[in-house]
Amino acid sequence: MNQVYRHVDTYLFSKSVDTGAKYLKVEKPKNSKSFCVMLDEGEEIIDEFEGATFCWRSHIETFDDNSQGSKKKTQPSQKKSYIITFNKQHREIVIGKYLKHVIEEGRAIEFKNKKQKIYCNDRMPSWWACYNSMWKHINFEHPATFDTLAMDPKKKAEIIDDLIALTNGKDYYSKVGKAWKRGYLLYGPPGTGKSTMIAAIANYLNYDIYDLELTSVKDNLELKKLLMEITSKSIIVIEDIDCSVDLTGKRKKAKKNKKKDDSDSDSDSDSDSDSDSDYEGKKKLTLSGLLNFIDGIWSACGEERIIIFTTNHVDKLDPALIRRGRMDMHIEMSYCRYEAFKVLAKNYLGIDTHPLFQEIQPLLEEVNLSPCDVAETLILKNTSGGIEICLNNLILALKDSKEKAIQEAREKEKQDSEEKPKKNKKLKKIYGRFKKLFR
């Protein structure tokens with residue numbers, strides 16, 4: 001189907017409900033969330049724009065396909081079109097503004113009604129990638145939203161405001177000369193909702209998700225090819241980036257230092273250099289390749305994109321990878337505190353307040369329990385017990401966790417006190433040796 005016709009068709013769908021057309025057709029496209037209403041042949045829609053009136057008429061032309069000169073009977077084909085009529089004094093409005101308005105509105109409606117997809121990359125032979133997409137996909141139907149996300153409301157509001165600024169920022173990004181994209185770093189302990197946050201962002205913006213598995217990318221060139229296939233209005237996700245591949249160069253540095261310490265001759269040092277060169281040659285997916293993917297010249301090959309990294313250990317990441325400008329927002333996904341708990345209580349138990357909340361609140365400020373663990377205690381497993389049992393289960397879990405934390409702190413303190421005399425003894429011994437040397 002011609003793209004211009006499709007956008008016009010979609011735009012007129014939105015107008016057809018309010019028209020006086022006698023005959024309408026209803027169908028549900030494969031990749032759409034909702035039904036589409038369209039005009040039957042010969043029906044008309046009247047539209048207004050900037051004081052001008054336009055009449056759209058549906059037209060279907062049927063003809064036999066005898067282009068091959070075959071005598072065999074074939075099914076007649078149809079050519080669908082729309083005829084627009086208007087006063088000739090409005091010609092400039094039609095050509096200059098109206099048709100552009102219709103196409104942009106149609107495209108926006110299509111985007112709003114499309115089914116979201118989640119994509120993953122897979123290592124494929126080079127001959128396969130020449131004829132097929134490097135991404136596989138399924139429909140994305142995760143129910144997470146910002147309303148159900150267990151997080152501090154102020155922090156949620158900041159993220160939503162940033163997302164709105166991104167979607168409305170086409171002219172701004174063009175003005176300042178930056179690629180139309182945004183980077184988010186989600187970091188925090190396991191179970192704190194990093195993946196749920198990604199799903200909530202995708203559902204809020206109606207974006208597709210591209211889950212990039214770096215261990216399946218063989219080199220920088222393949223990374224560029226994957227980037228070229230990613231559509232606009234999408235989220236590129238690299239989860240647990242500190243565990244994906246070694247991109248920091250620390251392994252090489254550690255290896256070099258180890259060999260240098262073990263080396264006793266200049267010839268050994270030369271062999272170390274050769275070994276490092278060999279290692280660098282084998283390491284085809286590099287940090288520079290990933291940085292170019294994020295904010296280099298290749299990052300400008302698409303519009304309105306979000307790149308999200310997740311990690312449990314932010315201190316392990318190379319500073320060049322997560323600096324501001326690449327990862328614009330650093331979002332800490334922390335342990336469950338009282339404000340986040342109230343969201344979970346609303347989601348799982350359907351309550352805004354309860355007398356037991358007074359006992360739960362101080363415990364949540366003292367104990368590090370992930371939202372995932374808190375949610376597990378709030379699931380109504382026993383329908384006869386109800387809300388009271390769930391909240392008491394949470395209180396028990398919090399008290400148990402508090403006792404474990406106190407016990408671990410005591411054991412650590414005991415261990416430190418036992419090791420301190422040993423350290424002091426060792427320091428005294430070293431001091432004694434230095435004292436003899438400088439007599």
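## Secondary structure and overall figures

The protein has 16 helices and 12 strands in this predicted model. Of its 439 residues, 36% count as buried. The accessible surface of the protein comes to about 27600 Å², and 51% of that surface belongs to carbon and sulfur atoms.

Contacts between residues at least 6 apart in sequence are made up to 71% of pairs that are at least 24 apart.

## The seven-stranded sheet

One open sheet contains seven strands in the order 7-6-9-10-11-8-12, and its pairing is mixed. At its edges are strand 7 (135-139) and strand 12 (329-332), each of which pairs on one side only. From one strand to the next, the twist averages 20°.

Strand 8 (residues 181-187) and strand 11 (residues 305-311) run parallel and are joined by seven bridges. Within this pair, L186 of strand 8 stands opposite T310 in strand 11. In general, the strands of a sheet pair through backbone hydrogen bonds, and they do so either parallel or antiparallel.

## Helices on the seven-stranded sheet

Helix 6 (residues 194-205) packs on this sheet and touches strand 8, strand 9 (208-211), strand 10 (234-238) and strand 11. The direction of helix 6 makes about 170° with that of strand 11.

Helix 7 (residues 220-229) lies across strand 6 (117-121), strand 7, strand 9, strand 10 and strand 11. Relative to strand 7, helix 7 runs at about 40°. Strand 9, strand 10 and strand 11 are thus listed for helix 7 and also among the strands touched by helix 6.

## The three-stranded sheet

A further open sheet has three strands in the order 3-4-5, with antiparallel pairing. Its edge strands are strand 3 (44-49) and strand 5 (77-85), and each pairs on one side only. Neighbouring strands are turned by 25° against each other on average, direction ignored.

Six bridges connect strand 3 with strand 4 (residues 52-63), and the two run antiparallel. I46 of strand 3 stands opposite C55 in strand 4. Helix 2 (residues 91-113) packs on the sheet and is in contact with strand 3, strand 4 and strand 5. Its direction makes about 70° with that of strand 4.

## Cysteines

With a disulfide taken as a pair of cysteine sulfur atoms within 2.5 Å, the count comes to zero. C55 is buried, at a relative accessible area of 14%, whereas C120 is partly exposed, at 36%. C55 falls under the 20% limit for buried residues and is therefore assigned to that class.

## Packing of helix 13 and helix 15

Helix 13 (residues 338-349) and helix 15 (residues 371-378) pack at an angle of about 35°, and their axes are 10 Å apart. The crossing of helix 13 and helix 15 is right-handed. Helix 13 contributes F341, L344, A345, Y348 and L349 to the contact, while helix 15 contributes P371, V374, A375 and L378.

## The loop at N168

N168 is found in the loop between helix 4 (153-167) and helix 5 (170-176). Its relative accessibility is 62%, so N168 counts as exposed, the cut-off for that class being over 50%. N168 and E304 are 136 residues apart in sequence, and their C-alpha atoms are 9.6 Å apart in space.

Definitions and conventions:
Residues are numbered from 1 along each chain as its sequence is written. This is a predicted model: local features need pLDDT of at least 70, side-chain atom pairs count only at pLDDT 80 or more; totals for chains, interfaces and linings use all residues. Side-chain values use heavy atoms; hydrogens and water are left out. Buried means under 20% relative accessible area, exposed over 50%, partly exposed in between (1.4 Å probe, protein chains only). Helices (H or I, at least four residues) and strands (E, at least two) are DSSP runs, numbered from the N terminus. Contact means heavy atoms within 4.5 Å. Accessible areas come from the Shrake-Rupley method with a 1.4 Å probe; for residues, only the protein chains shown count as cover. Two strands pair if DSSP finds at least two bridges between them. Axes are lines fitted to C-alpha atoms, for helices over the stretch in contact, and angles run from 0 to 180 degrees between N-to-C directions. A crossing is left-handed if the near helix is turned anticlockwise from the far one by less than a right angle, and right-handed if clockwise.
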